[in-house]
Amino acid sequence: MTLFYALIALGSLALVFGLILGYAAVKYRVESNPIVDQVDAILPQTQCGQCGYPGCRPYAEAIANGDEINKCPPGGEATVKKLADLMGVEPKPLAGGEQAEPVKTVAYIREDECIGCTKCIQACPVDAIVGATRQMHTVIDDECTGCDLCVEPCPVDCIDMLPVEQTKQTWKWQLDAIAVKQID
Amino acid sequence: MDSLLEQIERGTLWQFPGGVHPPQQKSLSNQQPIARLPLPDKLVLPLKQHIGANGQLLVDVGDKVQKGQALTKPSANWSLPVHAPTSGEIIDIKPMPSAHPSALPELSIVIAPDGNDTWCELSPISNLQELSHKTLIDILHNAGIAGMGGAGFPTYIKADSHQPIEFLVVNGVECEPYITADDLLMREHAQEIVQGIEVMQQLLKPQRVLIGIEDNKPQAIAAMEQACAHNSAILVRSIPTKYPSGGEKQLIRVLTSKEVPSAGIPADIGVLVQNVGTLFAISEAVYKGKPLIERVVTVTGNTINKPQNVWALIGTEIKHLLDCQGFTPVPEQRVVMGGPMMGFTLPTVRIPVVKTTNCILAPDNQELAEPGDEKACIRCSACADACPQTLLPQQLQWFAKSKDYDKLEAYNLFDCIECGACSYVCPSEIPLVQYYRVAKAEIREQKLDQIKAERAKERFEARKERLEREQQERQNKHKRSTSRAAKPDAEKAKVADALARVKQKQGDQSAVQAAIERAKAKKAADGSLEPDNSEVALERARRKEQARQYKEQKHSEDAASSESSNETSSKKDAVAAAIARAKAKKAAQQSEQQNEQPQQAQASESETKKSDDEPRKAAVAAAIARAKAKKAAQQAEQQGETQAEQAAESETNKTDDDPRKAAVAAAIARAKAKKAAQQAEQQGETRAEQTAEPETNKTDDDPRKAAVAAAIARAKAKKAAQQAEQQGETQAEQTAEPETNKTDDDPRKAAVAAAIARAKAKKAAQQAEQQSASQGEHGSDAEPQTPEQKRQAAIKAAVAKAKAKKQAKEQEGNDPS
């Protein structure tokens with residue numbers, strides 16, 4: 001009989017606590033940042049599609065589903081490293097033997113050669129090219145991500161990818177220039 | 001416990017942690033008074049010499065300017081004007097090496113002095129008390145005064161502080177070794193500096209003004225005390241010599257015991273710091289009306305024969321300063337702008353003095369030796385003891401080397417004032433400050449990238465949304481238009497019916513034809529209801545097959561079709577071009593049916609092709625003209641297959657020219673040209689196989705062209721090329737050729753833009769390529785002319801490139817097929 005009471009008591013306690021915990025789990029759920037968002041935040045958002053996906057977000061989703069992390073040439077090694085940290089996998093060299101430190105570029109339209117076909121405008125993933133049919137187009141270089149997507153569609157090949165010019169604001173002290181030797 | 005103010009009044013001083021005592025070396029340059037230099041032969045004035053934006057140019061090359069004349073106008077926030085330091089002529093405005101460790105070029109105005117040194121009109125102020133706050137701020141702004149201690153912060157912004165200022169701290173500390181510019185300025189111009197202080201007092205209304213001067217400048221202290229004796233709110237404080245007590249945060253700590261919060265500014269704790277040089281400039285601007293055009297610069301070092309302070313016009317090249325003071329360079333000579341602790345080695349001496357240049361140091365190799373090799377950190381923590389900001393330089397160093405930027409920020413890297421005390425004390429000669437500078441720049445860059453990525457993402461998503469919306473709209477529109485399309489088609493069928501009846505009267509036609517006509521119209525209506533692409537593709541394939549059979553049939557029926565040619569020529573007499581065309585269309589249909597009465601099924605199939613095209617055309621208003629032209633082409637086509645070939649060709653040319661003349665609108669002309677090309681093409685076709693292929697290409701191309709408006713020009717050129725090629729394959733090669741050239745030239749003339757010509761040439765090349773790939777020997781005769789002509793027309797090199805590219809691609813695309 002005592003055994004019976006004990007079982008009832010424990011069982012009801014378990015039920016009560018279970019309900020409380022279950023309620024708390026629903027009510028006080030901590031909104032964690034989904035992995036896709038975290039991956040997306042690391043990717044450089046050039047929307048260049050060099051990874052094989054139509055934009056950074058789709059690639060982020062693919063990574064979250066187990067795709068390789070080394071398919072982002074614009075991000076370079078730094079991005080691969082960060083992704084490796086986040087996903088808990090080993091960092092890998094970039095696919096396709098890309099250089100580790102990508103050179104930042106912006107598109108430049110040689111304006112006297114532009115025929116105003118609007119093809120580059122349609123190709124630009126971030127709407128950084130302005131122009132209209134039969135009007136000269138130009139690139140808003142502050143908005144250009146250097147994704148190269150506009151170069152291919154141009155029928156007269158008047159788009160160049162120029163390296164971003166260095167200014168005093170973006171200039172960095174060169175450790176090599178002051179004869180610093182790295183010691184191990 | 002006394003209040004803070006009482007303590008300060010009593011002369012209490014506080015201490016900042018850390019600090020070092022490097023050798024002073026000040027006696028080198030503080031023995032002589034400030035010298036005046038001869039005018040240099042040119043002055044280089046960077047537009048931006050301070051923190052913030054640069055002003056808008058007011059002058060142009062060749063302008064004559066007066067001393068003190070503003071050369072730029074402040075525009076955006078935080079921008080300051082620059083002024084002509086002497087009278088002369090502006091000989092250039094271009095990017096020149098700037099006073100920055102990188103010497104990256106910056107837009108500068110180059111002035112050739114005329115030697116007269118004539119001032120522009122100045123407007124000095126005598127009644128300071130009556131001036132409003134705003135007027136005073138404007139005076140400081142327009143005089144182009146920026147902080148002259150080193151950072152170059154626009155003074156008018158500081159003076160316009162909206163936070164209450166308790167203490168105005170005057171920085172006469174000058175803690176860096178070698179530099180004596182402020183020392184000499186205080187000795188010689190104490191009066192003016194105090195006047196500048198009084199201007200700031202009026203602007204900011206601080207409780208006390210504290211002048212901090214290191215105790216190694218007794219003459220300056222005495223001069224300042226004497227100059228401000230009349231003003232009890234100004235207190236001169238002699239502070240112990242220790243580097244870097246001249247740092248803003250350190251000086252505030254020493255004089256007021258307050259600490260500037262991390263990432264804050266002194267105004268947050270009610271303190272404002274001004275350099276004595278800045279105050280002198282303020283007094284000059286207010287009381288004499290002179291803008292900031294010169295400053296005191298210490299020229300010193302063991303390689304200088306006459307080390308002393310000089311009044312240097314802003315824009316004077318460093319080389320001029322060195323030359324005037326006698327400069328005997330040693331091997332591997334370095335010239336440093338600023339002091340030995342915080343200055344930077346200049347990449348070239350062709351760099352101008354700017355508003356923040358306080359010292360030019362040309363040391364020999366003994367006094368400022370090149371840093372030795374970096375050795376391993378021995379964790380002696382001397383750097384941590386020396387750090388005036390109580391940071392952990394050693395930890396920062398590890399993180400900087402491993403590029404651990406999050407950790408660097410967690411260890412407050414951005415509180416580092418880059419004073420160099422840690423590097424100075426490091427027994428391992430680790431250039432700690434350099435590591436921090438690189439790391440700071442990296443972090444700043446990363447943050448900028450982050451912001452940019454964020455914006456790119458936003459824009460990308462906005463674009464995606466827009467595209468989806470547009471597609472939605474298109475679909476809706478399409479649905480609406482298909483439901484509407486049924487009605488006009490029915491009407492068209494009626495009209496066609498009526499016309500067919502008229503034709504029946506004219507040329508004795510059988511009743512069967514009218515029925516076929518009606519059936520055709522019906523089919524047209526049906527076709528319009530099926531916008532599905534797969535359907536169209538199927539249709540096309542069937543059509544191709546049909547066309548082949550049809551051609552063979554026609555070949556055998558040459559005699560029969562000769563009738564139709566007579567008929568059409570009679571129709572040419574009709575004056576109105578439009579009517580003529582409409583008639584021609586019908587005539588074509590008639591002849592078709594006459595020829596093919598036994599093969600009704602086949603005929604109806606070929607009509608399906610037409611009806612297929614119709615809905616597409618109906619949608620576009622302009623396309624009606626094209627449809628007409630097409631019919632005319634079909635007519636000519638059938639004629640072309642008769643024995644009367646020559647007659648047909650001359651006619652073709654006429655039909656070709658007529659509408660072109662009549663049609664004013666360029667678009668219509670183009671459409672016609674396109675059709676003319678089709679016509680000529682079909683004339684040339686004696687064998688059915690050849691026809692089928694290019695035709696398919698055409699039908700294929702059509703919708704694509706309609707979609708891209710600009711591509712019409714290119715399409716035209718392409719068609720012309722096609723025409724030329726196919727004509728080349730007929731027996732009537734000689735007739736076809738001149739025609740080709742004509743059609744070819746026309747659009748070129750019409751297209752004024754050279755770019756279009758280029759695009760055309762490109763397409764022609766493509767065409768030729770295609771032709772050669774698909775039709776081997778046949779095309780090879782006609783080919784060389786067309787591309788060659790086009791190539792000649794294409795002048796620019798870019799074209800050649802584009803062409804080559806496309807050709808390669810074309811070949812690639814064609815090879816497997």
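In this predicted model, B:Val65 has B:Gly88 of strand β6(B) as its bridge partner. The strands concerned, β4(B) and β6 (residues 88-97) of chain B, pair in the antiparallel sense over two bridges. They belong to an open sheet of four strands with antiparallel pairing, whose order is β2-β7-β6-β4 in chain B. Because β2 (43-46) and β4 (64-65) of chain B each have a single partner strand, they stand at the edges, and one side of each is left without a neighbour in the sheet.

Two separate nonpolar cores are set side by side below.

| Core | Number of residues | Members, among them |
|---|---|---|
| Largest nonpolar core | 119 residues | B:Val169, B:Met224, B:Val297, B:Ile360 |
| Second, separate core | 21 residues | A:Cys117, A:Cys124, A:Leu149, B:Phe460 |

Within the largest nonpolar core, the four residues named in the table are those that touch the most other members, while helix α4 (residues 181-204) of chain B supplies the largest share, with 12 residues. One of the four, B:Val169, touches B:Leu210, B:Gly212, B:Leu251, B:Ile252, B:Leu255, B:Val271, B:Leu272 and B:Val273, when residues up to four places away in sequence are not counted. The second core, by contrast, includes residues of chain A as well as B:Phe460.

Chain A comprises five helices and four strands, which follow one another along the sequence in the pattern α-α-α-α-β-α-β-β-β. Of its 184 residues, 28% are buried, and among the contacts in chain A with a separation of 6 or more, 56% join residues that are 24 or more positions apart.

Helix α3 (residues 56-64) of chain A shows how burial is arranged around a helix axis: A:Cys56, A:Arg57, A:Tyr59, A:Ala60 and A:Ile63 are buried there. These residues lie on the same side of α3(A) because they cover an arc of only 160° around the axis. An α-helix has 3.6 residues a turn, so residues three or four places apart point the same way. The buried residues of α3(A) pack against α2 and α4 (76-87) of chain A, and just after α3(A), A:Gly66 takes a positive phi of about 100°.

Helix α2 (residues 35-42) of chain A contains A:Ala41, whose C-alpha atom is separated by 9.2 Å from that of A:Arg57, 16 residues apart along the chain. A:Ala41 itself is partly exposed, with 17 other C-beta atoms within 10 Å, whereas A:Arg57 is among the buried residues of α3(A).

Terms used. Residues are numbered from 1 along each chain as its sequence is written. Chains are lettered from A and ligands numbered from 1 in the order in which they are written. This is a predicted model: local features need pLDDT of at least 70, side-chain atom pairs count only at pLDDT 80 or more; totals for chains, interfaces and linings use all residues. A residue is buried if 20 or more other C-beta atoms lie within 10 Å of its own, exposed if 12 or fewer, and partly exposed in between; C-beta atoms are placed from the backbone. Two residues are in contact if their C-beta atoms, placed from the backbone, lie within 7 Å. The arc is that of the directions from the helix axis to the C-beta atoms. Two strands pair if DSSP finds at least two bridges between them. A nonpolar core is a set of buried Ala, Val, Leu, Ile, Met, Phe, Trp, Tyr and Cys residues joined through C-beta atoms within 7 Å.
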